[in-house]
Amino acid sequence: MDKFASALAARPDWIGEAEWKARLELAACYRLFAHLGWTELIFNHITVRAPDDGSGQRRYLINPFGLHYSDVTASNLVKVGLDGEPVHATPYSVNRAGFVIHSAIHGAVAQAHCIMHVHTTAGMAVACKEAGLGTDNFYSAQLAGDVAYHDYEGVTTRTEEQAHLVASLGDRHCLILRNHGLLAWEESVPNAFFLMWTLNRACEIQLAAASIPGPNRAVTPQAITDSLHRKHRSVDPKGGLQQKVFDAMVRKAGIDSYEMLV
Ligand SMILES: [Zn+2]
């Protein structure tokens, strides 16, 4: 059965069905992040490209500024244009720092359906290190060659930084914002979640290993090649694995029915 079925009747008239489903999935993702503790007061963002609404404009959905992730619903998500301005009536505004980062990537990367940015402690700690993320733990080895870096330019509120962000990201899916935090994008919400989880977990393990005296055991290049996240993703090109992970974790976050997210 369509997992969204229980919530379809609650769709407001001004939101199309495809957008309503995108909103439900994104709201579930916000609740999952809250469950995992991947929150920073009312800051940080997860965004999803809005389905074509006939405007001919690239638009995306973002959290209303001022609400905790645990208060995000399908209805209160804000649809904005690449200029960060809401395209519908809403009592909420959008955090400028979120607009600068997410608009830049949604605008420049056609495949970037979902973009996630977090300030987890492990992610911020690794972002502070000159060497960045290694490739010598189970998860960081999976991301070898898929992590880009962007130098810190202060709080991301200047649109001039957008071109720099896009250039720093290049064709990679993970971006470590130096001295700041983590970012990941993918073609779907479940894929982006699984990638961000892997990236954050890689940082957690690196942080834990660094607290134990002595060097890390080296990993062979062949072992890294055999570990690559992209390679494993291609084994399941429809993202079935990532969907299973996402659905299980949304249930774990207490969302038994999408009706809870309207
Ligand atoms: Zn940030």
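## Exercises on helices, a zinc site and loops

Among the elements that cover the buried residues of α3 are β1 (45–49), β2 (59–62), β3, β4 (114–118), α5 (160–169) and β7 (181–186). The exercises below concern a predicted model.

### Exercise 1. The surroundings of α3

Determine how many residues of α3 are buried, and compare the span of the helix with the expected value.

*Solution.*
- Step 1. Of the 13 residues of α3, 10 are buried, and the helix is mostly covered.
- Step 2. The buried residues are A97, G98, F99, V100, I101, H102, S103, A104, I105 and H106.
- Step 3. The cover over these residues includes the strands β1, β2, β3, β4 and β7, together with the helix α5.
- Step 4. For 13 residues at 1.5 Å a residue, the expected span is 18 Å; the end C-alpha atoms of α3 are 18 Å apart, and therefore the two values agree.

### Exercise 2. Helix α2 and what follows it

Establish how far α2 reaches, how many of its residues are buried, and which residue comes after it.

*Solution.*
- Step 1. The 20 residues of α2 reach 29 Å from the first C-alpha to the last, close to the 28 Å expected at 1.5 Å a residue.
- Step 2. Because 14 of these 20 residues are buried, α2 is largely enclosed by the rest of the structure.
- Step 3. G37 follows the helix and has a positive phi, near 80 degrees.

### Exercise 3. Positive phi in the loop between α2 and β1

For L41 and N44, give phi and decide whether each residue is buried or exposed.

*Solution.*
- Step 1. L41 is placed in the loop between α2 (17–36) and β1, and N44 also lies in the loop between α2 and β1.
- Step 2. Phi of L41 is positive, near 50 degrees, in a residue other than glycine. N44, which is not a glycine, has a positive phi of about 75 degrees.
- Step 3. The relative accessible area of L41 is 64%, so L41 is exposed, the cut-off being over 50%.
- Step 4. The relative accessibility of N44 is 3%, so N44 counts as buried, the cut-off being under 20%.

### Exercise 4. The zinc site

Identify the protein donors of the zinc ion, their spacing along the chain, and the burial of H117 and H119.

*Solution.*
- Step 1. The donors are the NE2 atoms of H117, H119 and H180, which lie 2.0 Å from the zinc ion.
- Step 2. Along the chain, these donors follow the spacing H-x1-H-x60-H.
- Step 3. H117 has a relative accessibility of 3% and therefore counts as buried. H119, at a relative accessible area of 18%, is buried as well.

### Exercise 5. The cavity

State how many cavities of 30 Å³ or more the structure holds, and describe the lining of the largest cavity.

*Solution.*
- Step 1. There is 1 cavity of 30 Å³ or more, and the largest cavity encloses about 30 Å³ of space.
- Step 2. Its lining consists of H150, D151, Y152, E153, G154, T156, E161, L177, R178 and H180.
- Step 3. By class, the lining holds 2 nonpolar, 4 polar and 4 charged residues.
- Step 4. H180 links this exercise to the previous one: H180 lines the largest cavity and is one of the donors of the zinc ion.

### Exercise 6. Three residues and their contacts

For V189, E85 and V219, find the location, the burial and the contacts beyond four places in sequence.

*Solution.*
- Step 1. V189 belongs to helix α6 and, at 1% relative accessibility, counts as buried. Its contacts are E25, C29, V48, H113, C114, M116 and F246. V189 and I115, 74 residues apart in sequence, have C-alpha atoms 8.2 Å apart.
- Step 2. E85 is in the loop between β3 (78–81) and α3 (96–108). Its relative accessible area is 48%, so E85 is partly exposed. E85 touches K79 and V80. Between the C-alpha atoms of E85 and R96, 11 residues apart along the chain, the separation is 9.8 Å.
- Step 3. V219 is in the loop between α6 (189–210) and α7 (221–227). With a relative accessibility of 31%, V219 counts as partly exposed. V219 touches T135, D136 and I224. The C-alpha atoms of V219 and A253 are separated by 35 Å, at 34 residues along the chain.

Terms used: Residues are numbered from 1 along each chain as its sequence is written. This is a predicted model: local features need pLDDT of at least 70, side-chain atom pairs count only at pLDDT 80 or more; totals for chains, interfaces and linings use all residues. Side-chain values use heavy atoms; hydrogens and water are left out. On a 1 Å grid over the protein atoms alone, a cavity is a set of points where a 1.4 Å probe fits but cannot get out, and a pocket is an open set with protein on both sides within 12 Å along at least five of seven lines; lining residues have an atom within 4 Å of a point. Grid points are joined across faces, edges and corners, and a volume is the space filled by probe spheres set on the points. Ala, Val, Leu, Ile, Met, Phe, Trp, Tyr, Cys and Pro count as nonpolar, Asp, Glu, Lys and Arg as charged, and the others, Gly among them, as polar. Helices (H or I, at least four residues) and strands (E, at least two) are DSSP runs, numbered from the N terminus. Buried means under 20% relative accessible area, exposed over 50%, partly exposed in between (1.4 Å probe, protein chains only). Contact means heavy atoms within 4.5 Å. Donors are N, O and S atoms within 2.8 Å of the metal (3.2 Å for Na, K and Ca); water is not among the atoms, so sites may look incomplete. The expected span of a helix is 1.5 Å times one less than its number of residues.
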